[in-house]
Structure formats: structure tokens, C-alpha cells
Amino acid sequence: MKYRGLRVDAGNFAWGSENCTKKVRLLDVVYNATSNELVRTKTLTKNTIVQIDAQPFKQWYLKKYGVDLAKKGKKGGGKKDEAEEARRTRRRRQEGRGGGGKKDEAEEARRTRRRRQEGRGGGGKKDEAEEARRTRRRRQEGRGGGGKKDEAEEARRTRRRRQEGRGGGGKKDEAEEVVEKKSRHVIFKLKAREAKNK
């Protein structure tokens with residue numbers, strides 16, 4: 001005689017991470033990699049994914065940890081816990097330890113404005129403008145500050161040094177002059193050819 005699970009409606013299932021095993025009802029066949037036909041007919045095979053009734057596991061979790069998994073996003077007590085959380089938040093605000101909300105954001109904005117006015121920073125366009133002014137002053141005083149203006153000034157100084165013979169290259173400068181003369185000569189020849197061809 002063969003004993004087969006023709007109408008299996010319950011089974012032993014384990015919650016591995018919590019090391020808990022319970023006998024629970026099978027609700028539905030959700031997926032079978034072999035065929036969708038097996039899902040439609042709710043046939044149980046090896047590696048079939050099934051939906052089970054989680055109530056026994058929820059009860060076990062509530063008993064062990066005191067947390068009701070049935071209520072999403074709330075811990076156990078419902079309105080009572082919300083009221084307690086509101087009281088704690090009010091207390092924190094009064095003690096000056098924060099607690100979120102628009103009131104705290106407004107207070108933080110006020111502090112930032114005060115810091116900016118006192119010159120202690122705090123970000124924003126005002127500080128960027130001040131930094132730009134400082135950079136301009138530095139450039140005018142000759143203390144650097146980056147930018148194309150400074151690069152041009154540096155190039156002028158180098159040219160002056162070369163002309164005065166205070167270095168800036170020595171033999172290297174002479175070689176550069178030779179190369180410049182040759183390149184000018186080549187450019188002149190190319191222009192002459194172009195003129196002839198026209």
C-alpha cells in the first residue's frame with residue numbers, strides 16, 4: 001500500500017535565523033521553477049516555494065522578545081507608546097537636547113545666521129563672497145591667490161629676468177631662442193609657398 005501526500009495542508013517549518021521550528025498550515029503554492037502548471041494546480045514537489053501561516057511564529061516572537069510583529073512600524077503598545085514617545089520628545093526639547101521637528105530646525109537656522117553675522121562661518125553665499133574678496137585683496141597685494149592674472153604676472157617677471165641676464169635658464173634660454181628663430185623662419189617659408197600657389 002502507498003502512502004502519499006495527496007492533500008497535505010500542514011507541515012513542520014523552521015525559522016533558521018531564530019532557531020525556531022513550528023507545525024504550521026500551508027496556505028498556497030507560490031512558485032515552482034519546473035513549471036507554472038504545478039503552481040496553478042498547487043502541486044507540492046521538492047524546491048516548491050509555498051506560503052505558510054505565520055501566526056505560530058509571531059506568537060513565539062511576541063512571547064520571547066515582547067514585540068508584536070503583526071503591527072507594522074509600531075512596538076507593541078500602539079497609542080500608549082506614541083503618547084510616551086511624544087512626552088519624551090517634549091522633555092528633550094525643553095532640556096535643549098533636540099528631538100526633531102520644525103521648531104528645532106528654525107532654532108538651528110537662527111544659530112547659523114548669528115554665526116555668519118559674527119564672522120564665525122556657517123556656510124552660504126555670504127561666506128563665499130567674503131572669501132572671493134579676500135582672494136582679490138591677496139592678488140592685489142602680490143601674495144598670490146591663483147588665477148590667470150597671477151600666471152601672466154609670473155610670465156612677465158620671467159621674461160624680465162631673461163632680458164636682464166639674471167638667469168631664468170642660461171644655456172636653456174639660448175637654445176630656446178634658436179628654436180624660436182628657426183620656427184619663425186619655417187613659418188615664413190610656408191607662408192611664401194602658400195602665396196606662390198595662389
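A pocket, as I use the word in these notes, is an open set of grid points where a 1.4 Å probe fits, with protein on both sides within 12 Å along at least five of seven lines. I keep in mind that the model I am reading is a predicted one.

**Entry 1: the pocket**

I looked up the largest pocket and found that its volume is about 360 Å³. Its lining is made of 15 residues, and those closest to the centre are Leu6, Arg7, Val8, Lys42 and Leu44. I then asked myself which strand gives the most to this lining. It is strand β2, residues 20–31, which contributes five residues. Sorted by class, the lining holds seven nonpolar residues, three polar ones and five charged ones.

**Entry 2: the chain as a whole**

I went through the chain from its beginning and noted seven helices and three strands, arranged along the sequence in the pattern β-β-α-β-α-α-α-α-α-α. The chain has 198 residues, and 9% of them count as buried. For the surface I wrote down an exposed area of about 17,600 Å², with carbon and sulfur atoms supplying 48% of it. I also looked at contacts with a separation of 6 or more, and of these, 24% are between residues 24 or more positions apart.

**Entry 3: two asparagines with positive phi**

I reminded myself that most residues other than glycine have a negative phi. With that in mind I noted asparagine 19, which is not a glycine and yet has a positive phi of about 55°. I located asparagine 19 in the loop that runs between β1 (10–15) and β2. Is asparagine 19 buried or exposed? Its relative accessible area is 71%, and because exposed means over 50%, asparagine 19 counts as exposed.

I made a similar note for asparagine 47, whose phi is also positive, at about 70°, although this residue is not a glycine. Asparagine 47 sits in the loop between α1 (36–40) and β3 (49–52). With 65% relative accessibility, asparagine 47 is exposed as well, because its value is over the 50% cut-off.

**Entry 4: asparagine 32**

I turned next to asparagine 32, which I found in the loop between β2 and α1. Its relative accessible area is 3%, and because buried means under 20%, asparagine 32 is a buried residue. What does the side chain of asparagine 32 reach at 3.0 Å? One partner is the backbone nitrogen of threonine 34. Another is threonine 45, whose side chain is joined to that of asparagine 32 by a polar contact of 3.0 Å. When I set aside the neighbours within four places in sequence, the residues in contact with asparagine 32 were Leu38, Val39, Thr43, Thr45 and Thr48.

**Entry 5: valine 39**

Since valine 39 appears among the contacts of asparagine 32, I looked it up too and found it in helix α1. Valine 39 has 18% relative accessibility and therefore counts as buried, the cut-off being under 20%. Which residues does valine 39 contact, once its neighbours within four places in sequence are left aside? They are Val29, Val30, Tyr31 and Asn32. For valine 29 I also noted the spacing: it lies ten residues from valine 39 in sequence, and their C-alpha atoms are 5.7 Å apart in space.

Definitions and conventions:
Residues numbered from 1 in each chain as written. Predicted model: local features only at pLDDT ≥ 70, side-chain atom pairs only at ≥ 80, totals over all residues. Heavy atoms only, no water. Helix = DSSP H or I, 4+ residues; strand = E, 2+ residues; numbered from the N terminus. Buried < 20%, exposed > 50% of the residue type's maximum accessible area, 1.4 Å probe, protein only. Contact = heavy atoms within 4.5 Å. Areas by Shrake-Rupley, 256 points an atom, 1.4 Å probe, with all protein chains shown as cover. 1 Å grid on protein atoms, 1.4 Å probe; cavity = no way out; pocket = protein on both sides within 12 Å on 5 of 7 lines; lining within 4 Å. Points joined across faces, edges and corners; volume = space filled by probe spheres on them. Nonpolar A, V, L, I, M, F, W, Y, C, P; charged D, E, K, R; others polar. Polar contact = N/O pair within 3.5 Å; in protein donor to acceptor, adjacent residues only side chain to side chain.
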